[in-house]
Amino acid sequence: MPLLTDAVGQSISTRPDIIGPEISKALSGLHDQIPPFPRDVAMKIIEEELGSPVEAFFRYMSEEPVAAASFGQVYRGVTLDGSNVAVKVQRPNLHHVVVRDIYILRIALGLVQKIAKRKSDPRLYADELGRGLSGELDYTLEAANASEFLEAHSSYSFIRVPKVLRHLSRKRVLTMEWMVGENPSDLIAASSGDSVAHVSGYSERQQTDAKRRLLDLVNKGVEASLVQLLDTGILHADPHPGNLRYTSSGQIGFLDFGLLCRMEKKHQCAMLASIVHIVNGDWPSLVLALTEMDIIRPGTSIQRVTMDLEYALGEVEFKDGIPDVKFSKVLGKIWSMALKYHFRMPPYYTLVLRSLASLEGLAIAADKNFKTFEAAYPYVVQKLLTDNSPATRRILHSVVLNRRKEFQWQKLSLFLRVGATRKSLQQLVAPNSEASLNCSPGGVNGAVDVANLVLRLLPSKDGVVLRRLLMTADGASLIRMMISKEAIFFRQQLCKAIADVLYQWLLEGIIAIIQHGSQLGLRSAPNNRDLSSHSRLSSPTSDYYHHQSLLRDRRLKVIFFKALDSVRRDPVLTVRCCWVSFIMFMTASALACHRIVVSLSEIYLGPVVSLPSKRVAISI
């Protein structure tokens, strides 16, 4: 059964950390080194399918195939209009071979069932495999899959999908635009210094650059897997390295769309919830999510499954709130649980696990400390913070709020710190900053970035989830959180926002007074200087406009007064809230007045002494 042998070999070759590098290297040849069939046979198939000689459609066709796989081989061609294309031609008599191999597999699995005396019928797996392989025999279906995948992911700029040339595609011939990119296998070889093609060796700089590109490919591959899983619900069903490319523009390219897996919305939400519950160690909720995904069979002891999951995964250590463990280790524990309790593994679940495990296997070639969870979880957090669907909000609320709707500050703070590491959310923190943020979930800088993230996210269109969360939460718990020691960085940033607005108001007032001939005596300044035209004072900064919109936002005022109304029943908390608010306002006023004095002094007196800039510490 060569077809099935190739398929299994291609799958397990992506895990050198499990089967060993030598076996992995031997099996990886199945991706690109399967013996091709003769060129004249391939050209004859093209002519039969398209109805005319090859020269009527293509200006050029490579003499040798650029890739050969179990079901077909690919030639590089040029169309009559000069477009570079990849022409995929199906192997001859393939349908007969597939039917024969599946029949042999069913007989073998039937014998296994009798010998092992298993209740479940393993021949169902052969039937499922047969349906999948039969679907790959019709390239018109693959063309439709490629177009659907392209349309679903066109809004994600880091994902590259080649377009299908429909007029040059038939049941046994598929023509797509040529994708220029590096094969992950070549990147692995280059990062380790091994020879590739005509290159005999690499310098240290080339190896370092290859490792960087490989890690970028893996990180984007992880994000692409999560996009397919949690956003579009359309998954590439064969995500082995042979079907991936890394383009010169830094995109991850996908090839081979013979099979796609489509997810229901409820399964997407359950999958999102399961990731969150694993990170938070909420095993009963994890079991509930697995049940919603139809993984745990009816009649299975939920209590036993919960206890075993806690025993298997409870020993995982965390670093900055993210599991500090190889994904392959977690995957092994999941598979052992699946075998013990006869879990049903839906196609999408198996595909995602295999895809993430495969990507981690690639990453270890460049970085032995790579963690899939560390690369994946920030995307999950971003989705929870910005997706306003009811199901996603329920997941977020179940994590950061307890049953009394009180804030669990530690969990919310962790969510925000992890979310602040996402580049798309960093743009909210410092959209006009020349220096890009490189914050990590921990540390003082991370706390400051979290505070900035919250202040910028709340009044924005993407902040609807946070605003709903604040409205849902118990007001008294919100005030306790605001005046707690842990929230000092948030109060500091809010104080600076108030100071920025006060400074601009004071400055505008002073300029108006001077322009109307006030008795302040500033008109006698040297050279009759005009404050309103001075470059340091004439145009407010973008931060000012943001801070002004933050303080004037009616939605945030409603949340604030709702929280204050809840505090009235607790006199001690009311006094503490008023005192902290008074201190914040006085501190902001002092900062604003200090900036006014400094600005006016520099204009009329000039900088007397040049001092290095220092950050003023504010204790509130």
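# A guided tour from strand β3 to the aromatic pairs

Select residues 72-79, strand β3: 7 of the 8 residues in this strand are buried, so β3 is largely enclosed by the rest of the structure. The model on display is predicted, and every value given along the way is computed from it.

**The partners of β3**

Keep β3 selected and add residues 58-61, strand β1. β1 and β3 run antiparallel and are joined by 3 bridges. To find the register, show phenylalanine 58, which stands opposite threonine 79 in β3.

Next, add residues 67-68, strand β2. This strand also runs antiparallel to β3, with 2 bridges between them. Here alanine 67 is the residue to display, with valine 74 of β3 opposite. Following the chain from β2 to β3, one passes through a hairpin with 3 residues between the two strands.

Now extend the selection to residues 84-90, strand β4. How many bridges join β3 to β4? There are 7, and the two strands run antiparallel. Glycine 72 of β3 faces this strand at glutamine 90, which stands opposite. The connection between β3 and β4 is again a hairpin, with 4 residues between the strands. In its turn, select glycine 82, whose phi is positive, at about 90 degrees.

**From glutamine 90 to aspartate 138**

Keep glutamine 90 in view and select aspartate 138. The two residues are 48 apart in sequence, and their C-alpha atoms are 9.1 Å apart in space. Aspartate 138 is located in the loop between α6 (123-135) and α7. Is aspartate 138 buried or exposed? Its relative accessible area is 19%; the limit for a buried residue is under 20%, so aspartate 138 counts as buried.

Display the surroundings of this side chain. Once neighbours within four places in sequence are set aside, aspartate 138 is in contact with Gln90 and Lys171. There is also a polar contact of 2.5 Å between the side chains of aspartate 138 and threonine 140.

**Aromatic pairs**

Switch to the aromatic side chains. The structure holds 6 aromatic pairs. Select phenylalanine 149 and phenylalanine 257: their ring centres are 5.3 Å apart and their planes meet at 45 degrees, so this pair is tilted. Phenylalanine 149 belongs to helix α7 (residues 139-152), whereas phenylalanine 257 lies in the loop between β9 (252-254) and β10 (260-262), so the pair ties together parts that are 108 residues apart in sequence. Phenylalanine 149 counts as buried, at 0% relative accessibility, and phenylalanine 257 counts as buried at 0% as well.

A further pair to select is tyrosine 156 with phenylalanine 158, which is edge-to-face, with 6.5 Å from centre to centre and 75 degrees between the planes. Phenylalanine 158 is buried, having a relative accessible area of 13%.

Return to phenylalanine 149 and add phenylalanine 254. Ring pairs link Phe149, Phe254 and Phe257 into a cluster.

**The sheet containing β9**

Colour β5, β9 and β8. These 3 strands form an open sheet in the order β5-β9-β8, with mixed pairing. Which strands stand at the edges? They are β5 (159-160) and β8 (244-246); each has a single partner strand, so one side of each is left without a neighbour in the sheet. Between β8 and β9 the pairing is antiparallel, over 3 bridges. Tyrosine 246 is a useful marker, since isoleucine 252 of β9 stands opposite.

**Cysteines**

Select cysteine 261 and cysteine 269. Cysteine 261 counts as buried at 9% relative accessibility, and cysteine 269 counts as buried at 17%. A search of the whole structure for disulfides finds 0.

**Serine 191**

Move to helix α8 (residues 184-192), which contains serine 191. This serine is buried, with a relative accessible area of 2%. Its side chain reaches the backbone oxygen of isoleucine 188 at 2.8 Å. Apart from residues up to four places away in sequence, serine 191 touches Gln207, Ala210, Lys211, Leu214 and Ala365.

**Last stop: a charge over a ring**

Finally, select arginine 595 and tyrosine 503. The charged end of arginine 595 sits over the ring of tyrosine 503, at 4.0 Å from the ring centre.

Notes. Residues numbered from 1 in each chain as written. Predicted model: local features only at pLDDT ≥ 70, side-chain atom pairs only at ≥ 80, totals over all residues. Heavy atoms only, no water. Buried < 20%, exposed > 50% of the residue type's maximum accessible area, 1.4 Å probe, protein only. Pairing = 2+ DSSP bridges. Phe/Tyr/Trp six-rings, centres within 6.5 Å; stacked < 30°, edge-to-face > 60°. Lys NZ or Arg CZ within 6 Å of the ring centre and 35° of its normal. Disulfide = S-S within 2.5 Å. Polar contact = N/O pair within 3.5 Å; in protein donor to acceptor, adjacent residues only side chain to side chain. Contact = heavy atoms within 4.5 Å.
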